[in-house]
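Me: Please take a close look at the salt bridges of this structure. I should like to understand which side chains pair and which parts of the chain they bring together.

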Amino acid sequence: MRKWGLSSGLCSSPCGVQSVVAVVLLLLLAIDADADPLHRFDIPAQMAPGALNMLAQQANVPLLFPYDKIVGIPTHEVVGEYELEVAVVRLLDGTRLAGKLNEMGVLVIEFCEVDCGVPGESQMKINSKERMLSMRNDQKQHKPWLGRFAAAFAAALISAPAVAADAEDEESVSAMEEIVVTATYRDTDLMDTPISISALTGDQIIDKGIHNIFSLYNNIPGLNLKKATSGFNDVTIRGISPYAEGNGSPVGAYLNNMPIGSTNGDAQHFSIPLFDLQRVEVLKGPQGTLYGEGAMGGAIRYITNKPNPDGFDAAVRASTDTMSHSSGFGHRIDGMVNVPVGEKAAIRAILYSRDMKGLLDAPGRGEDTDWEKETGGRVTLGFYPTENFQLNVMYMDVDMTGGGPAIGFHCYEELRTDVNLIEIPSYPNQFDCSGDHNAQFARDPYITHKAHPTLAGTDLDGTIDEYELKNIDFTWDLPFATLTGTWSTYDRYTKRAGDESPPHVNFSRRFVEDNNCGFSPTFSFLPTGECDVSTAPTINPQTGRGAIMSGQICYSTCISWADSDSYEVRLVSNTDSRLQWTVGYYYKDSYRFDGSHAPCPDEVPYAGILQTEVDGQLFDEHCSLLWLFNPGITPQRQATIVRGFLNRFLFSGSRDENYLEETSYFGEVSYAITEQWEVTLGVRVADVEVQVDDYENGFNPSNTIDTSFRLDDDTKTSPKVGLTWRPNDDWMLYGIWSHGFRPGIVQGAVVDRISQVEPFRGTSPAADGLYDLLVDIQTIEGDQAESLELGVKATVADGRFSFTTAYFQIDWTDIIIDVESFSPDIPGVSPFPFSYADNAGNAETEGLEFELESHLTEALTLRAGGAWMWKAEIGTASAGNDARVAGSTALGVQVGNRIPASPEYTGNVSLSYDFELAGFQATARGEHYVVAEQWRGPDNERPTPRYHKTDFRLTLRRDDYDIAFYANNAFDQVVAYERNQQGYNFGRARTLGVEVNWRL
C-alpha cells in the first residue's frame, strides 16, 4: 500500500519556501530529540514501504524514499533497542536498499542497481528470521509532542511536490500495520495476496486473550466450530463440514510445514497451544492445489517463532480466572526460552500447563464434572550455517485429560421420530423430565442427567487425548528459487468413555426383553414360560410383561490411535521476474485404529450387578451394557443372553484398522501480464489408496472375524484458475475458481452386518436385499468441492481504513451423510438399528465474508468481521424409506435441509482505545460475537440455538511486562457449541480473570 515518499528530482523552484520551513522544523526536532541515541524498534518482516514507515515513526525521524524502486522488496524484522544506523542496516541487509541521515536530519533511502555494499552485521534471510523480543507497537518510545509534530509536518512539507504531481501517491504516516503471510509459500503482504485469508499475529493473539481454538474461531469470518466432547473439536469453513461418521476433516491443519490433520476418519482438530506463535493464517475455500487432501473447505496454518541465534530470550504468559456456575480458580501458564548455541544455532522451547474448571453438575455424581487439564511442550533446534540455508528440528508433546459427564443431557417427554426413542431415564432419578427438549433451559441448563446412580462415586466418564509431533524441515535459497523439504510424523491416542444410559436405556431394554421372552420369533434364548407374567419374578411396568432385568446401565468406551508420516519437497521461485512459479511433491502414509468397546472397569461398584463365572469365564467380558439382571434368572441363562445375544448381535463393538496412502504432484504459476493484471494457474494430481481391516465383535476373541476391504486407486485432480487486477497500489480485485477433495472411505461399520447376513443368503428376498445393500455401501466415493470466489481488498482514507470482502459459491458433490437403518426381520440377524455413511448427491453454499479495520482517531480503533451464508442446503439426499431394502428406514434427510455446522451468519466487532493510566500505557478493548442457529446433523432434527457474547479487556503495559484484566462472556449468556442426540456441549459462562505477560 502507498506510503508517503519522494522520488529524486521531483523538487523544483516551488520547493524553496517549504524547504526553509522544513529546515526550521527539523531544527526544532533536533532540539526536542532525546539525548539517548538508542531507539526501541518493533518492526516485523514485511514489504519495504511499510517497514520504512514504521522505522521512521519509531525513531521519530522524517523519511524520504523512491516508492517506485522499493515496492515489493521484502525487509527483515528489527526488534529491540538499536542506534538508528544499526537498525537501518539490519532492516535493509541484502535488499539493494541503503539509508542514511542527510545534513537536515532526514533519513534518505536509495536503491542500488548492484549490491549496496553497506557494512554492518549480517542478517539471515527474511524467511529464517523470527521475533527476538515480543514487543508491541504501542510500547515504542514516545517522544515529546513538539518533536512528533515537527517530524510529521516537516515530512509533509518536503513531500508536498509529490502530492502536487500525483495526489494519489501519498498516504498518512499512520498507515495500517502490514501483515506478511506465507499462504502461497512465498512472503506476501496480506492485503496484496489474491485469496481469502484471515491472519492474526502473535501480538494480536495476546492482545485479544486468545488461548485455544474456541477463542480463535470467533475472530475468523467463515470459520465455525462444533465440539463433540472434551478435546474433540471439528472445524468447518464456508459450510463444508465433516458430519459423516468415519469421514475426515474438510479443513487442513498445518503446524509450520507439517500436516497435522487427517481425512482418514479423524476429523478432530488438534489442541495446538497458541503461545509463541508468529501468526495464525486461515485460508478459506478449497485449497486443493497447494495443500491437497484435507483442504476441501480451507486450511488453518499455525506459524511458530523459530529459534534465534542472535541472543538469549525468554517470555512468560500466566493467567488465573473464575467462572460463574463453577467453583475454584482455573489457571494457565506458558513459558518460552530461546538459547543461542554458538553463532549459527539456537534452541527454542515452550512449556505450558492448563487447568480449566468445569461447568456442568451431575446430581449424584458431582459438580463441575466437565473439567479439562492439559500439559505440553515444544522444542525446536534451529541451525543456520549460511545466510541461504536453515534447518529446523521440532518435537512437540501434549497430554490432555477431561472429566465427565461433559454433555448437558436434558431428559424430556418428547419422542424422537426417527427411531421412536423415549428419552427419559428408566432408572430412579431426581430430575424433572417434563416438557420438551428446551424445558431444561428454564430450570438450569448446566445440569446434566447423564448420571446413573450406579456410577456414583466413580470416575468413569472422561476423555484422554495424547499426541506427539516430530518434524524436520530445511530451506535453501538458490539463485533462482527457494528449495524447501520437510519430513513429519505424528502419533495420537484418544479415548472417550461415559454413561450412555439416558438416550438409549428404555428402547434397548424393551427391545431385549421382547426378543428374549418369546414375544418376537427372531430371538428367543429363554423358554417362554420363564417370562410369563404368572411365573416371572417381577413385572416390567412399561410393557406389562415378565421382566428379566430390574435395571440397566449403558456404558461404553471408544478408543483410537493414529500415526502418520508425510514428506514434501517444493521449489518456489524467488526472482523479480513477471513469472512466478511453485512445483512440489507430497507423500503421506497414515494409519488409524478405532475400537468401540467397554471392558468392565474395576471401579464399578458391582452391588446388584451380577458378575458370575461360568465354565471358568466371566461373562461380563464385554460391557457395552452393564445389566442389572433379575435375580430370578439363573446365571447360565444370563450368560446365554449376554454372550449369545447382546455381545453378538446388539452391542458387539468393533475394531477397525484404517490405512491411507497419498502421492501428489502439484504446481502453480502466476504471470504479471501488465503492472495491473496477473493470472494464476495451478493443479494438483493425487493418487490415493484406502484400506480398512475390520474385526467383528471388537475385543471378544471368541467372535472375531477378520475382513479386509480395499478401495481401488483413486486419482484426484484439483485445478485452480485466478485473475487479479490492481488498478492502483491501494486496491486489489481478484477472482478464483478452485477445487478440493477428500478421498473415499471404506466402511468397517457394515462388516458386522455382512457377517451376520451372509449365512442366510438365499433363504429369503429380505436377506438377499440386505446383503446386496451392505456390499454396495462397503466402499463409497470421496466428495469434492468446486468454488468460485470474487474478492476485493483495499486501503483507503490515507491508510486509516482497510477492508477485505469476498463473495463465494461452492458446489459440493458426492456429499457423505450418515444414514441410520433398521434391518428387515431376518431370523438370526439383529434388527437393531445400524448406521452407515452414503453419498447423497450434492449440496451448495453461497455467501459473503468481510473484515475491516479503521483508525477512527490516533487512539481509537474499530475492527469488525462477519460472514453471511444465505445458502447452505442439501440439494439431493435420501429421504424417508430406503427403497433398496423393504423395511429399512433412513434418517430423515430432506432436500433443502441446511448443511450441518453452517450458521446463516456469524459476526464480531471490537473497539480498542489507547490511553495513559497511572504511568502505564493502557488499552481498553470491548468485543462482541454472535453465531446464528445451526444444526449438528443433516436431518435438522433439533437446532443448536443462536448465541452471542461480549468480552471486555483492560491491558496495562510498562517496560517489559503487561497486566490484563478481563471479563469474557461478561453478561453470562448461554453458549452452545453443539446440540446432538446426547445433549448440549456448552461454551464458557461468565469468566473473570487476570493475565500477566513478561518478556525479557
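Reply: The starting point is a strand pair in this predicted model. Val280 stands opposite Tyr302, a residue of strand 14. Strand 13, residues 277-284, and strand 14, residues 298-304, run antiparallel and are joined by seven bridges. Both belong to an open sheet of five strands, whose order is 8-13-14-11-12 and whose pairing is mixed. Strand 8 (197-201) and strand 12 (258-259) stand at the edges of this sheet; each has a single partner strand, so one side of each has no neighbour in the sheet. In general, the strands of a sheet pair through backbone hydrogen bonds, in a parallel or an antiparallel manner.

The salt bridges concern side chains instead. Side chains of opposite charge can pair when their charged atoms come close. A search of the whole structure finds 28 salt bridges, and three of them may be followed in turn.

One salt bridge is formed by the side chains of Arg40 and Glu81, with 2.7 Å from N to O. This pair links distant parts of the chain: Arg40 belongs to strand 1 (residues 38-43) and Glu81 to strand 3 (residues 78-83), 41 residues apart. Arg40 has a relative accessibility of 22% and therefore counts as partly exposed. Glu81, at 40%, also counts as partly exposed.

Another salt bridge brings together the side chains of Arg726 and Asp192, again with 2.7 Å from N to O. Arg726 lies in strand 33 (residues 706-728), while Asp192 lies in the loop between strand 7 (188-189) and strand 8, so the pair ties together parts that are 534 residues apart in sequence. Strand 8 is thus met again here: it is one of the two edge strands of the sheet described above. The two partners fall into separate classes of accessibility. Arg726 has a relative accessibility of 19% and counts as buried, because the limit for that class is under 20%. Asp192, at 32%, counts as partly exposed.

A further salt bridge joins the side chains of Asp962 and Arg999, with 3.3 Å from N to O. Here too the pair links distant parts of the chain, with Asp962 in strand 48 (residues 961-968) and Arg999 in strand 51 (residues 991-999), 37 residues apart. Both Asp962 and Arg999 are buried.

Finally, salt bridges can share partners: in this way Arg238, Lys284, Glu789 and Glu849 are joined into one network.

How values were computed:
Residues numbered from 1 in each chain as written. Predicted model: local features only at pLDDT ≥ 70, side-chain atom pairs only at ≥ 80, totals over all residues. Heavy atoms only, no water. Pairing = 2+ DSSP bridges. Helix = DSSP H or I, 4+ residues; strand = E, 2+ residues; numbered from the N terminus. Salt bridge = Lys/Arg side-chain N within 4 Å of Asp/Glu carboxyl O. Buried < 20%, exposed > 50% of the residue type's maximum accessible area, 1.4 Å probe, protein only.
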